[in-house]
Amino acid sequence: MSLRQTRTICPAPATEPGAAPGVEPEALDVVVVGAHGGAGASTLAALLPAVWDMGSIQLLLELDRALLRAKGRPIVLAVRNTAAAATRATAAIGVLHDWEEQVAALAIVSDGGPESRDATARFALLEARVGGIVRVPYVRQLRLVEDPAEVVLPGKARHAIDQLRRLAGQAGADVADVAARRGKDCGEVGCR
């Protein structure tokens with residue numbers, strides 16, 4: 001969408017495709033975290049919706065502190081589409097793997113500009129280390145509201161959010177099966 005085009009921001013329909021009218025989408029028991037500040041983690045958490053919005057883990061990485069403990073819940077790692085952000089995502093995924101946490105989805109959130117070749121190459125190297133990669137397109141209207149759920153997303157953005165929900169749901173189902181076999185409850189998410 002060009003800057004000359006304008007669009008009225010309307011409340012988003014409170015239903016998922018196929019859901020009964022007036023029913024809000026069910027919150028996912030998923031952890032959304034940013035690989036760096038401004039990655040779009042809180043916006044994604046509101047759009048999914050996700051129960052656990054942990055913000056950015058960049059400070060924890062810089063302080064060399066014990067990282068996020070998702071307690072078996074699927075993790076959606078948000079990152080911008082720049083080469084510097086791809087480097088931060090690589091570091092975050094490495095540390096999460098060190099702490100035996102698995103990333104269900106890497107959400108590459110567009111900042112409005114094109115993704116550089118360096119960023120694309122770095123993200124391609126991460127593909128084998130995550131459950132899936134989803135590129136979330138830039139949606140100008142999300143910058144204009146306090147509540148991202150108020151924005152009617154264009155088709156490509158809705159598709160990206162649906163892909164993230166599927167990846168998180170698949171990973172969550174796998175974790176629930178393992179936890180049920182072990183007789184364990186996941187408990188509360190946190191940082192140590």
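1. Contact here means heavy atoms within 4.5 Å. Leaving aside neighbours within four places in sequence, Gln58 is in contact with Ala35, His36, Gly37 and Arg88. Gln58 itself sits in helix 2 (residues 58-62); helices (H or I, at least four residues) and strands (E, at least two) are DSSP runs, numbered from the N terminus.

2. On provenance: this is a predicted model, in which local features need pLDDT of at least 70 and side-chain atom pairs count only at pLDDT 80 or more, while totals for chains, interfaces and linings use all residues. Residues are numbered from 1 along each chain as its sequence is written, and side-chain values use heavy atoms, with hydrogens and water left out.

3. A polar atom of the Gln58 side chain lies 3.2 Å from the backbone nitrogen of Gly37.

4. Helix 3 has 16 residues and should span 22 Å at 1.5 Å a residue (1.5 Å times one less than the number of residues). The C-alpha atoms at its ends are 23 Å apart, which agrees. Its buried residues (under 20% relative accessible area, 1.4 Å probe, protein chains only) are Ala85, Ala86, Ala89, Ala92, Ile93, Gly94 and Leu96.

5. Most residues other than glycine have a negative phi. Glu100, just after helix 3, takes a positive phi of about 60°. Glu100 lies in the loop between helix 3 (83-98) and strand 5 (103-109). At 70% relative accessibility Glu100 counts as exposed (over 50%).

6. Lys71, also not a glycine, has a positive phi near 55°. Lys71 is placed in the loop between strand 3 (68-69) and strand 4 (75-80). Its relative accessibility is 41%, so Lys71 counts as partly exposed (between 20% and 50%).

Notes. A polar contact is a pair of N or O atoms within 3.5 Å; within protein, one must be able to donate a hydrogen and the other to accept it, and residues adjacent in sequence count only if both atoms are side-chain atoms.
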